[in-house]
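Colleague: Please take me through one part of this model slowly, beginning with strand pairing, and then go on to the other places that you would set beside it.

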Amino acid sequence: MPEQPHTDHLVRLLRTTFGDTLLGVFAHGSATLGGLRPHSDVDVLAVVREPTGQGQRRVLVEELLEISGVGEGVRPVELTVVVQGDVRPWRYPPSCEFLYGEWLREDFEHGVTPEPGPNPDLAPVLTMVLLADAPLFGPPPAELLDPVPAADLRRAIVAGVPELMEELATDTRNVLLTLARVWTTLDTGSIRSKDAAAAWAVARLPAAHRPVLGRARAVYLGEEDERWDDLDVRPCAEHLVRMIAEAYVS
């Protein structure tokens, strides 16, 4: 059976930090799409009643720096916090109150505290939360969140593609898998796990590009070590971007 995340410590942290303003905590991502893989994040969304204070956000950062990570015995945590009134009723772009992810660790270690602001990436996050229906604290997510219109989901996932491509050299595996997932969602209307989306995309790629995305999927599943010096990655990524563009306008 795929590994499932241990999230009790996150729920305790959120309840301690936000008290009665915490309305719900929900799992999403890999844990709810077939189980955690060797390189999966623990993805959690918290919904609060009131805007957060900078002190609360800094407490979350300091605690997450201790419990989130990459290596044996630890998992990277991606924690998103939203104020219910910022996302219900739904409007685009939605506003994110707090976001922690390991790709931001260096900034956080240098004292940066995340500030609230617009974040289109919330559209797929909220969609996955509602589909997963996996409360860790509080009621089912549909009692706190509005559904994201399909058109807003589509434009949100496409909006992040240019930034993804800027990270291709430094975060190759995740960029390729995310591009595959974007293409899959645009073409099929479903949100799949990264490995399932990659399998769908590999079957539709020209033969020359299949080893690249196949490698990303195998690394994600723990079947291969991560290395890219023997493959020409960019042409595959650029092909995925073209497929995304075609699927978005169709």
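Modeller: Two strands are said to pair if DSSP finds at least two bridges between them. Please keep in mind that this is a predicted model.

With that in hand, consider strand S1, which spans residues 22-28 and is mostly covered, since 7 of its 7 residues are buried. Strand S1 is joined by 6 bridges to strand S2, residues 42-48, and these two strands run antiparallel; within that pairing, alanine 27 of S1 has valine 44 as its bridge partner in S2. Strand S1 also pairs with strand S7, residues 135-137, again in the antiparallel sense, over 2 bridges, and here valine 25 has phenylalanine 137 of S7 as its bridge partner.

From the strands one can turn to a helix, H6, which covers residues 150-159 and has Asp152, Leu153, Ala156 and Ile157 as its buried residues. These four lie on the same side of H6, because they cover an arc of only 125° around the axis. An α-helix has 3.6 residues a turn, so residues three or four places apart point the same way. The face of H6 turned away from that buried side carries the exposed residues Ala150 and Ala151, while the cover over the buried residues of H6 includes helix H5 (122-132), helix H7 (161-166) and helix H8 (172-188).

Helix H8 leads on to a loop, for serine 193 has its place in the stretch between H8 and H9. Serine 193 counts as buried because its relative accessible area is 8%, under the 20% that serves as the cut-off for that word. The side chain of serine 193 is joined to that of aspartate 195 by a polar contact of 3.0 Å, and, if one leaves aside the neighbours within four places in sequence, serine 193 is in contact with Leu33 and Arg181.

On the other side of helix H9 (194-202) comes a further loop, which runs between H9 and helix H10 (210-220) and in which histidine 209 is found. Histidine 209 is likewise buried, as its relative accessible area of 14% falls under the 20% cut-off. Once the neighbours within four places in sequence are set aside, the residues in contact with histidine 209 are Pro235, Cys236 and His239.

Note on methods:
Residues are numbered from 1 along each chain as its sequence is written. This is a predicted model: local features need pLDDT of at least 70, side-chain atom pairs count only at pLDDT 80 or more; totals for chains, interfaces and linings use all residues. Side-chain values use heavy atoms; hydrogens and water are left out. Buried means under 20% relative accessible area, exposed over 50%, partly exposed in between (1.4 Å probe, protein chains only). Contact means heavy atoms within 4.5 Å. The arc is that of the directions from the helix axis to the C-beta atoms. A polar contact is a pair of N or O atoms within 3.5 Å; within protein, one must be able to donate a hydrogen and the other to accept it, and residues adjacent in sequence count only if both atoms are side-chain atoms.
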